[in-house]
Amino acid sequence: MSEDFYRQVAEPFASLELFASQVVEGFITGLHKSPFHGFSVEFAEHRQYNEGESVRHVDWKLYGRTDRLYVKKFQEETNLRCHILIDGSSSMYYPFDAKASRQSNKLGFSICAAAALAVLLAGQRDAVGLRFFSESEVFVSEAKSNRTHLKYLLAELERRFGQACRQPLTGKGSDIVAQLHLAAEQIHKRSLIILFSDMFDSESDPEGLFDALQHLRYRNNEVILFHVTDRGREAELDFPARHYCFVDMESGKEVRLSPAQYKEAYHHRYSAYLRELAERCGQYRIDFAEADMRKGFVPVLQAYLVKRQRVFK
């Protein structure tokens, strides 16, 4: 794959803009509102002139009409800082099929979606950073907006995509709770954080996971969670009536059982976990997006970006 492939991936989003729902900080003129005033031509409001301050932005026409001094306040439009976080644990390699399409597993889906978003954001002159994490590896790049940095990110995504498609990976957890806390501490400025994860690693400790998600909102970061699933297999547990050996891809533990005997209990637990995850995201003002890899990343991103544009534009 090459940069041309990623640009083809991003073409369906050419008419869409990823608008931040909150004020963001920045220095490069771009597409997003900034709290800084006085640097652009977009008028915001008037305020009374305070004695001793510069008369640079005094509205002299208004002074001529009212005989009072008022200062113009402006809104600068600045770039967004976005950090894309991708869960690289073994469960993200599910389901693995070396002969299937390029996004045959959850990690491949996430990488393709991340590439499309990176190109989209770079086209808006926004700064993009990338973070892959698992319990044994952390890759971090800072957020930059230049073309050289975009090429670097695309090359890293391509390399990891090749790894995801060549061989399944077992025995590597994500340590997602610790990694999300670490990311929250290391991302210092108000940013948009986009997380791709199946959220499986810490299901046994949901409160720890919810605390970590809440921590991402630290320093007024905006957070989007793309909950990557294979709903047809993970949600339904639809297997013929015989015994199977199930292997935990992250821990390597094996369980032999008949799915028919546990299907109802599994559905109840899985559905309850998804509901609580969505409810907590709503409580913490985290944008929760269901991302069923079976639908393909293009329809998933298109639907999400259209919805986001309608809500926040």
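Here are some questions and answers about the predicted model shown above.

The model is predicted, so local features need pLDDT of at least 70 and side-chain atom pairs count only at pLDDT 80 or more, while totals for chains, interfaces and linings use all residues. Residues are numbered from 1 along each chain as its sequence is written, and side-chain values use heavy atoms, with hydrogens and water left out.

Q: How many of the residues of strand S8 are buried?
A: Strands (E, at least two residues) and helices (H or I, at least four) are DSSP runs, numbered from the N terminus. Buried means under 20% relative accessible area, exposed means over 50%, and partly exposed lies in between (1.4 Å probe, protein chains only). On one side of S8, Leu192, Ile194 and Phe196 are buried, and on the other side so are Ile193, Leu195 and Ser197. Strand S8 (residues 192–197) is therefore largely enclosed by the rest of the structure, and its buried count is six of the six.

Q: Which residue of S8 stands opposite Ile84?
A: Two strands pair if DSSP finds at least two bridges between them. Strand S5 (residues 81–87) and S8 run parallel and are joined by five bridges. Opposite Ile84 stands Ile194.

Q: What is the bridge partner of Phe196 in S9?
A: S8 also runs parallel to S9, with six bridges joining them. The partner of Phe196 there is Phe226.

Q: Which element gives the largest share of the largest nonpolar core?
A: A nonpolar core is a set of buried Ala, Val, Leu, Ile, Met, Phe, Trp, Tyr and Cys residues joined through side-chain atoms within 4.5 Å. The largest one has 43 residues, of which Ile84, Ile86, Leu157, Phe196 and Phe226 touch the most other members. Elements giving two or more residues to this core include S5, S8, S9 and helix H4 (147–166). The largest share, 13 residues, comes from H3.

Q: How many disulfides does the structure hold?
A: A disulfide is a pair of cysteine sulfur atoms within 2.5 Å. Cys82 counts as buried because its relative accessibility is 0%, and Cys281 counts as buried because its value is also 0%. The number of disulfides in the structure is zero.

Q: Is Leu69 buried or partly exposed?
A: Leu69 sits in the loop between helix H2 (60–66) and strand S3 (70–74). Its relative accessible area is 30%, so Leu69 is partly exposed.

Q: Where is Arg219, with its positive phi?
A: Most residues other than glycine have a negative phi. Phi of Arg219 is near 60°, a positive value. Arg219 is partly exposed because its relative accessible area is 29%. Its place is the loop between helix H6 (206–216) and strand S9 (222–229).

Q: Is Arg285 buried or exposed?
A: Arg285 is another residue with a positive phi, near 60°. It lies in the loop between helix H8 (259–283) and strand S12 (287–292). With a relative accessible area of 64%, Arg285 is therefore exposed.

Q: What distance separates the C-alpha atoms of Gly252 and Ser90?
A: Gly252 is in the loop between strand S10 (244–247) and strand S11 (254–257). Gly252 counts as partly exposed because its relative accessibility is 38%. Gly252 and Ser90 are 162 residues apart along the chain, and their C-alpha atoms are separated by 9.8 Å.
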